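Here is a short note to read beside the model. Take the points in order and find each residue as you go.

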Amino acid sequence: VPSPCVEDDGDDFKTTETCDFILSCAAFHGQKCFRSPTEGSWYISALCRIFKEDHKKMDVVSMITDVHNEVSNEKAWTARGEDYQQCPRMEHTLRHKVQLAVK
């Protein structure tokens with residue numbers, strides 16, 4: 001199966017511009033995202049906290065996976081008593097682990 005990151009120009013393989021991207025969203029298109037009146041968006045709050053706490057010891061995909069796990073374990077209730085969960089999504093074409101630089 002050809003990789004979306006590799007292009008064959010006949011003589012040699014080269015990396016395309018679609019390599020090494022990561023996309024993480026608070027939810028799938030058309031799905032609900034939630035926010036706390038005091039803490040803000042569940043997704044952004046978890047993302048900021050986990051990246052701040054774990055950037056020295058974890059790679060980016062692992063941190064985003066932890067964000068998604070935390071957010072998807074939260075529940076919101078409507079006035080009618082219905083409960084909802086938020087399901088974040090991630091897509092990537094990373095070829096290597098990405099570790100943030102530590103200053």
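1. Start at Asp20. With 37% relative accessibility, Asp20 counts as partly exposed, because that label covers values between 20% and 50%. Asp20 sits in the loop that links strand 2 (13-15) to strand 3 (22-25). Its backbone deserves a look. Asp20 is not a glycine, yet its phi is positive, at about 60°. Most residues other than glycine have a negative phi. Keep in mind throughout that this is a predicted model.

2. Now step back to the whole chain. It has two helices and eight strands. Read from the N terminus, the order of elements is β-β-β-β-β-α-α-β-β-β. The chain has 103 residues, and buried ones make up 25% of them. Consider also the contacts between residues at least 6 apart in sequence. Of these, 59% join residues at least 24 apart.

3. Next, the helix pair. At what angle do helix 1 and helix 2 pack? The angle is about 140°, and the axes are 9 Å apart. The two helices are therefore oblique to each other. An angle must be over 145 degrees to count as roughly antiparallel, so this pair does not get that label. The crossing of helix 1 and helix 2 is right-handed.

4. Which residues make the contact between these helices? Helix 1 supplies Trp42, Tyr43, Ala46, Leu47, Arg49, Ile50, Phe51 and Asp54. Helix 2 supplies Val60, Met63, Ile64, Asp66, Val67, His68, Glu70 and Val71. Sorted by class, the contact of helix 1 with helix 2 has 11 nonpolar, one polar and four charged residues.

5. Turn to the largest nonpolar core. It holds 13 residues, and Trp42, Tyr43, Met63, Val67 and Val71 touch the most other members. Two elements give two or more residues to this core: helix 1 (42-54) and helix 2 (60-72). Helix 2 gives the largest share, five residues.

6. Look at Met63 in more detail. This residue is in helix 2. Is Met63 buried or exposed? Met63 is buried, because its relative accessibility is 0%. Setting aside residues up to four places away in sequence, Met63 touches Ile50, Phe51, Asp54, His55, Met58 and Leu100. The C-alpha atoms of Met63 and Leu47 are separated by 8.1 Å, and these two residues are 16 apart along the chain.

7. Tyr43 is another of the core residues that touch the most other members. What does Tyr43 contact, leaving aside neighbours within four places in sequence? Its partners are Ser24, Cys25, Ala26, Val67, His68, Val71, Gln86 and Pro88. Find Val67 and Val71 among them; both belong to the helix 2 side of the helix contact.

8. His68 is also in helix 2. Its relative accessible area is 12%, so His68 is buried. Outside four places in sequence, His68 is in contact with Ser24, Cys25, Tyr43, Pro88, Arg89 and Met90. Compare this list with that of Tyr43. Ser24, Cys25 and Pro88 are contacts of Tyr43, and Ser24, Cys25 and Pro88 are contacts of His68 too.

9. Asn69 is in helix 2 as well. Asn69 is partly exposed, because its relative accessible area is 45%. The C-alpha atoms of Asn69 and Pro88 are 8.6 Å apart, with their positions 19 residues apart in sequence numbering.

10. On helix 1, check Arg49. Its relative accessible area is 33%, so Arg49 is partly exposed. Arg49 is one of the helix 1 residues in the contact with helix 2. The C-alpha atoms of Arg49 and Val67 are separated by 9.0 Å, and the two residues are 18 apart along the chain.

11. Finish with Lys32. It lies in the loop between strand 3 and strand 4 (35-36). Lys32 counts as partly exposed, because its relative accessibility is 47%. Beyond residues up to four places away in sequence, Lys32 touches Ala27, Tyr84 and Gln86. Lys32 and Tyr84 are 52 residues apart along the chain, and their C-alpha atoms are separated by 8.4 Å.

Notes. Residues are numbered from 1 along each chain as its sequence is written. This is a predicted model: local features need pLDDT of at least 70, side-chain atom pairs count only at pLDDT 80 or more; totals for chains, interfaces and linings use all residues. Side-chain values use heavy atoms; hydrogens and water are left out. A nonpolar core is a set of buried Ala, Val, Leu, Ile, Met, Phe, Trp, Tyr and Cys residues joined through side-chain atoms within 4.5 Å. Buried means under 20% relative accessible area, exposed over 50%, partly exposed in between (1.4 Å probe, protein chains only). Helices (H or I, at least four residues) and strands (E, at least two) are DSSP runs, numbered from the N terminus. Contact means heavy atoms within 4.5 Å. Axes are lines fitted to C-alpha atoms, for helices over the stretch in contact, and angles run from 0 to 180 degrees between N-to-C directions. Angles under 35 degrees count as roughly parallel, over 145 as roughly antiparallel, 65 to 115 as roughly perpendicular and the rest as oblique. A crossing is left-handed if the near helix is turned anticlockwise from the far one by less than a right angle, and right-handed if clockwise. Ala, Val, Leu, Ile, Met, Phe, Trp, Tyr, Cys and Pro count as nonpolar, Asp, Glu, Lys and Arg as charged, and the others, Gly among them, as polar.
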